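Biologist: I am new to this structure, and I would like a close look at a single part of it before anything else. Please start there and then work outwards, explaining each term as you come to it.

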Amino acid sequence: MVMYNNELKNEVHKMFGELAEKAKEITETSRTTQIATERISDVVASRVSAESEGYIVDMYTCLVAKIKEDEYFKDSEHLNAFYRLNLREELNEKYHFEVESLDAYKKGIEFKEINRLYAAAGTLAVGGILKFAISGLINIPIAVIIAGAVAAGVAAYFAVPEKNKKEYNRAVSKYLNDMENEILDWLTEVENYFDSQVRTIYKG
């Protein structure tokens with residue numbers, strides 16, 4: 001049941017291309033790289049979180065269309081069993097896509113909570129944390145996770161001279177490119193999760 005297609009990949013690639021342009025603009029208008037990093041962190045977090053919710057909706061819509069074409073689900077009892085899985089609601093509960101109050105969330109969440117999440121997931125990478133969330137509820141909104149991950153990645157990616165904007169832009173570009181790949185990996189994982197849940201109905 002292949003949902004994860006080139007169109008979705010292109011959408012993700014386009015988003016990160018636009019984020020790279022925005023990041024460059026932020027760098028040019030920020031007095032220091034620290035200020036630039038904070039601004040980039042919030043922009044990336046808000047955009048990726050909002051768009052990711054749309055990607056999940058698109059994948060779920062595609063799944064429903066595929067399900068309805070399947071002979072097995074022509075049986076109303078089987079179709080109702082699929083709807084009772086509440087996959088759309090479950091993913092929303094797992095990821096908390098809201099971004100409206102990113103600042104309030106960031107101020108209200110202690111660093112130890114985010115650090116506990118990173119430790120439990122065994123990674124600081126956004127994709128790894130998002131994949132970890134599939135197997136268990138997390139109480140931190142996705143936007144805050146991403147903002148925290150961007151900040152945590154500063155040491156690894158942005159350790160460049162304060163006034164060397166060219167190197168800083170190159171580091172930001174690499175960071176966003178890595179995150180793009182992580183988001184694509186995560187979406188593949190979501191697709192696999194959808195498939196595994198649907199298989200439980202066949203087994204039933």
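Modeller: Asparagine 86 has its place in the loop between H3 and H4, where helices (H or I, at least four residues) and strands (E, at least two) are DSSP runs, numbered from the N terminus. This is a predicted model, in which local features need pLDDT of at least 70 and side-chain atom pairs count only at pLDDT 80 or more, while totals for chains, interfaces and linings use all residues. Residues are numbered from 1 along each chain as its sequence is written, and side-chain values use heavy atoms, with hydrogens and water left out.

The backbone is what singles out asparagine 86 here: its phi is near 50 degrees, a positive value in a residue other than glycine. As background, most residues other than glycine have a negative phi. With a relative accessibility of 40%, asparagine 86 counts as partly exposed, a class that lies between buried, under 20% relative accessible area, and exposed, over 50%, for a 1.4 Å probe with protein chains only.

From that loop we can step back to the whole chain, whose secondary structure comes to 10 helices and zero strands. Of its 204 residues, 41% count as buried. When contacts, meaning heavy atoms within 4.5 Å, are taken between residues at least 6 apart in sequence, 78% of them join residues at least 24 apart. The chain exposes about 10,800 Å², of which carbon and sulfur atoms supply 50%; such areas come from the Shrake-Rupley method with a 1.4 Å probe, and for residues only the protein chains shown count as cover.

Next comes the interior. The largest nonpolar core, a set of buried Ala, Val, Leu, Ile, Met, Phe, Trp, Tyr and Cys residues joined through side-chain atoms within 4.5 Å, has 47 residues, and Phe82 and Ile183 are those with the most contacts inside it. The elements giving two or more residues to this core include both helices beside our loop, H3 (76–84) and H4 (87–95), and among the others are H1 (6–29), H2 (33–69) and H10 (165–203). H10 supplies the largest share of the core, 14 residues. Apart from its neighbours within four places in sequence, isoleucine 183 is in contact with Val12, Phe16, Val48, Val126 and Leu130.

Two of those partners lead to helix H7, in which Val126, Gly127, Ile129, Leu130, Ala133 and Ile134 are buried. They cover an arc of only 165 degrees around the axis, taken from the directions from the helix axis to the C-beta atoms, which puts them on the same side of H7.

Aromatic rings add another set of links. The structure holds seven aromatic pairs, where rings of Phe, Tyr and Trp (its six-membered ring) pair if their centres lie within 6.5 Å, and planes under 30 degrees apart count as stacked, over 60 as edge-to-face and the rest as tilted. In one of these, phenylalanine 73 and tyrosine 202 have ring centres 5.5 Å apart and planes at 75 degrees, so the pair is edge-to-face. Because phenylalanine 73 lies in the loop between H2 and H3 and tyrosine 202 in helix H10, the pair ties together parts that are 129 residues apart in sequence. Phenylalanine 73 is buried at 2% relative accessibility, whereas tyrosine 202, at 34%, is partly exposed. Ring pairs join both residues with Tyr60, Tyr72, Phe82, Tyr83 and Phe194 in a cluster.

Charged side chains form links as well. A salt bridge is a side-chain nitrogen of Lys or Arg within 4 Å of a carboxyl oxygen of Asp or Glu, and by this rule the count comes to five. Glutamate 18 and arginine 47 meet in one of them (2.6 Å, N to O); since glutamate 18 lies in helix H1 and arginine 47 in helix H2, this pair ties together parts that are 29 residues apart in sequence. Glutamate 18 is partly exposed at 34% relative accessibility, and arginine 47 is partly exposed with a relative accessible area of 25%. Arginine 47 also meets glutamate 51 in a salt bridge (3.1 Å, N to O), the two being four residues apart in helix H2 and therefore separated by about one helical turn. Through these shared partners, Glu18, Arg47 and Glu51 are joined into one network.
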